[in-house]
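Biologist: I should like to request a close look at a single part of this structure, followed by an account of its surroundings. Please begin once the sequence and the model are before us.

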Amino acid sequence: MLDDFMIRAALAGIGLALACAPLGCFVVWRRMAYYGDATAHAALLGVALSLAFAVPLFPAVILVALAMAAGVTGLTGRNHAGDTALGVLSHAALATGMVAVSFVPGVRTDLMAYLFGDILAVTRGDLATIWLGAGAVVALLAWRWSALLLATLSPEMAVAAGIRPKAEQWALNVALALVVAAGIRIVGALLISAMLIIPAAAARPLVRTPEAMAVAAGGIGIAGVLGGLAGAWNADLPAGPAIVCAVTILFLLGVLVGAVGRGRRKRAGGTL
Amino acid sequence: MRDLPGRILSGGPGAALIGLDRVSVALDGHPILDSIDMQVRRGEIVTIVGPNGSGKSTLIRTIIGLLPATSGTIRRAAGLTIGYVPQRLAIDPSMPVTVGRFMNLPRRRPAAAVAAALAEAGLPGVERRQIAGLSGGQLQRVLLARALLDKPDLLILDEATAGLDQPGVAAFYARIEQVRARHGCAVLMVSHDLQIVMRASDHVICLNGHVCCEGTPEKVSLSPAYHSLFGMAGAETLALYRHHHTHSHDEDGGGESGRESGRADRAGCGHDHGPHGPAEPARARDHA
């Protein structure tokens with residue numbers, strides 16, 4: 001069954017969607033959307049390093065993503081706002097990656113594949129990496145879930161409850177590095193944060209608890225993956241962008257459902 | 001009162017729950033707090049007042065452990081449970097959280113305990129409401145209820161009434177007094193609602209980077225250090241404070257009422273307006 005490239009593509013996409021769902025919720029709640037983008041762009045440096053030195057891609061990308069998280073934490077302070085530090089580091093990493101790759105003959109086209117991903121070319125080995133990475137992300141977030149929720153709602157209250165918000169932030173950094181490393185082959189560096197943000201945002205109008213939002217985001221992500229792949233199969237669309245388009249359509253549907261729900265509540269007397 | 005020998009704080013009524021010994025705090029190299037000595041005893045309501053930038057919140061954050069003290073020591077009674085009510089909860093509308101879920105963070109509680117804490121905070125039956133949909137006063141009561149879940153020995157409130165109108169503030173402090181009366185917990189709060197706070201406290205610490213003066217509310221409101229810090233507002237507090245001892249009123253103070261009348265009057269009052277004090281309206285208007 002795994003011999004069929006469409007099956008492998010679907011399984012890869014589903015694994016990515018499952019990892020992106022809970023992490024994407026935190027990215028949305030904590031307003032880290034730009035952080036996800038920046039990490040993904042910086043990951044290209046990891047790709048370049050992996051191509052240049054013929055080391056495995058997954059650890060190289062994770063290393064660069066974590067190094068960027070450490071750099072952002074270190075730079076953010078009195079002189080630089082967090083998004084300035086992010087902007088400097090992500091573009092510096094992206095440009096350095098491009099320059100580094102130019103020294104390696106014959107990898108220019110490879111790099112394009114990492115910018116836009118190629119889910120239809122996913123191998124069995126990739127599949128194993130993606131599911132291991134996704135499993136690690138889900139396990140990590142499930143383990144830290146309550147602490148992360150409280151640290152997101154109020155760092156002060158988290159500290160008072162014996163939680164260290166900085167350590168919890170690192171749990172998110174690690175999860176983000178894992179997702180980027182797992183997803184860069186599938187949807188590519190440019191679209192990976194779309195898979196984090198859009199399903200979570202699409203789930204928001206439909207739910208009342210954080211847990212429900214993570215589950216709904218997972219469902220929406222999976223539906224988007226299958227829808228996008230169907231589009232790629234039937235209409236010969238580029239698979240990665242088609243997946244992002246599909247989750248965007250689901251996002252618009254979510255907005256619509258939310259608006260209808262609000263209207264209904266208003267007519268029912270305005271009580272929540 | 002001020003001397004805190006270097007031994008572990010012990011239990012018993014009137015014992016210190018928290019003791020600060022020459023605690024100094026600097027942020028980014030700038031000294032914020034200088035050599036603070038203070039303590040909170042079991043069952044006592046201690047209020048920290050001070051102008052903006054005087055280090056009130058820094059002091060609270062240091063006591064909670066959010067900031068490290070640059071020097072000095074902070075002693076806690078063995079097994080001390082702290083309930084913390086933050087200044088505000090900047091909840092992003094993108095995060096769906098019901099009151100019930102919030103009360104179960106970071107660990108699960110029995111539903112009955114959650115219901116009881118919410119009822120005690122004056123907001124029963126809101127478990128299914130969204131946090132983001134609560135008014136400021138309702139949110140403060142939810143935060144208080146959450147702090148009460150742990151049956152704290154010490155309740156710490158960091159400008160918990162910021163954003164409430166004056167009747168709301170008065171009602172909130174009356175509720176704090178009720179909680180103290182029921183649980184016997186100590187309360188340490190930071191506030192700039194001078195008039196109301198001064199009356200609700202057993203001990204007032206006037207802070208401006210260092211402890212300017214401290215003592216009973218009356219002693220502090222008479223102290224020159226307090227008046228040089230607060231100027232007109234301080235003088236007003238003094239006037240109100242004296243005034244308060246002759247009778248209570250509920251008009252010009254925005255419905256505030258003192259300790260004597262407030263407690264009995266407010267029991268079971270579930271809404272945000274101040275209590276209707278026992279003072280005769282005509283008499284209150286005379287002073288308006």
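Which residue is the bridge partner of Leu207(B) in S9(B)? Please take this pairing as the starting point and describe the sheet around it, and then the rest of the assembly.

Modeller: The model is a predicted one. The bridge partner of Leu207(B) is Val211(B), in S9(B). This pair belongs to the antiparallel pairing of S8(B) with S9(B), which extends over four bridges. The two strands form a hairpin with three residues between them, and within that hairpin Gly209(B) adopts a positive phi near 80 degrees.

The hairpin strands are part of an open sheet of six strands in chain B, with the order S5-S6-S7-S3-S8-S9 and mixed pairing. Strand S9 (211–215) and strand S5 (82–85) of chain B stand at the edges; each has a single partner strand, so one side of each is left without a neighbour in the sheet. On average, neighbouring strands of this sheet are turned by 15 degrees against each other, direction ignored.

At the S5(B) edge, the pairing is with strand S6 (residues 154–158) of chain B, in the parallel sense and over four bridges. Here Gly83(B) stands opposite Leu155(B) in S6(B). Helix H4 (residues 136–148) of chain B packs on the sheet and touches S5 and S6 of chain B, its direction making about 170 degrees with that of S5(B). Helix H1 (residues 56–64) of chain B lies across strand S3 (45–49), S5, S6, strand S7 (186–190) and strand S8 (203–207) of chain B. With respect to S6(B), H1(B) runs at about 145 degrees. Strand S8(B), which carries the hairpin pairing with S9(B), is thus among the strands that H1(B) lies across.

H1(B) also leads to another sheet of chain B. This helix lies across S1, S2 and S4 of chain B, running at about 120 degrees to S1(B). Those three strands make an open sheet with the order S2-S1-S4 and antiparallel pairing. Its edge strands are strand S2 (30–41) and strand S4 (71–76) of chain B, each of which pairs on one side only. From one strand to the next, the twist averages 15 degrees. Strand S1 (residues 16–27) of chain B runs antiparallel to S4(B), and five bridges join them. Ser24(B) stands opposite Ser71(B) in S4(B).

Two backbone details of chain B deserve attention. Arg22(B) lies in strand S1 of chain B, and its phi is near 45 degrees, a positive value in a residue other than glycine. Arg22(B) is partly exposed, with 13 other C-beta atoms within 10 Å. Elsewhere, the peptide bond from Leu105(B) to Pro106(B) is cis, with omega near 0 degrees. Pro106(B) lies in the loop between helix H2 (99–103) and helix H3 (111–120) of chain B.

Chain B meets chain A through 22 of its residues, which are in contact with 24 residues of chain A. The side of chain B that touches chain A comprises twelve nonpolar, five polar and five charged residues.

Chain A has eleven helices and zero strands. The C-alpha trace of chain A spans about 70 × 50 × 30 Å along its principal axes. For 272 residues, a compact globule would have a radius of gyration near 19 Å, and the 19 Å of chain A agrees with this. Of those 272 residues, 50% count as buried. Among contacts in chain A between residues at least 6 apart in sequence, 73% join residues at least 24 apart.

The largest nonpolar core has 173 residues, and those touching the most other members are Leu23(A), Ala43(A), Val61(A), Ala65(A), Val179(A), Val180(A) and Ala181(A). Helix H1 (residues 5–29) of chain A gives the most to this core, with 14 residues. Leaving aside its neighbours within four places in sequence, Ala181(A) is in contact with Ala43(A), Phe58(A), Val61(A), Ile62(A), Ala65(A) and Gly133(A).

Chain A also has a residue other than glycine with a positive phi, Arg31(A), whose value is near 55 degrees. Arg31(A) is placed in the loop between H1 and helix H2 (33–53) of chain A. Arg31(A) counts as exposed because it has 12 C-beta neighbours inside 10 Å.

Key
Residues are numbered from 1 along each chain as its sequence is written. Chains are lettered from A and ligands numbered from 1 in the order in which they are written. This is a predicted model: local features need pLDDT of at least 70, side-chain atom pairs count only at pLDDT 80 or more; totals for chains, interfaces and linings use all residues. Two residues are in contact if their C-beta atoms, placed from the backbone, lie within 7 Å. Ala, Val, Leu, Ile, Met, Phe, Trp, Tyr, Cys and Pro count as nonpolar, Asp, Glu, Lys and Arg as charged, and the others, Gly among them, as polar. The radius of gyration is taken over C-alpha atoms; the globule rule is 2.2 Å times the number of residues to the power 0.38. A residue is buried if 20 or more other C-beta atoms lie within 10 Å of its own, exposed if 12 or fewer, and partly exposed in between; C-beta atoms are placed from the backbone. Two strands pair if DSSP finds at least two bridges between them. Axes are lines fitted to C-alpha atoms, for helices over the stretch in contact, and angles run from 0 to 180 degrees between N-to-C directions. A nonpolar core is a set of buried Ala, Val, Leu, Ile, Met, Phe, Trp, Tyr and Cys residues joined through C-beta atoms within 7 Å.
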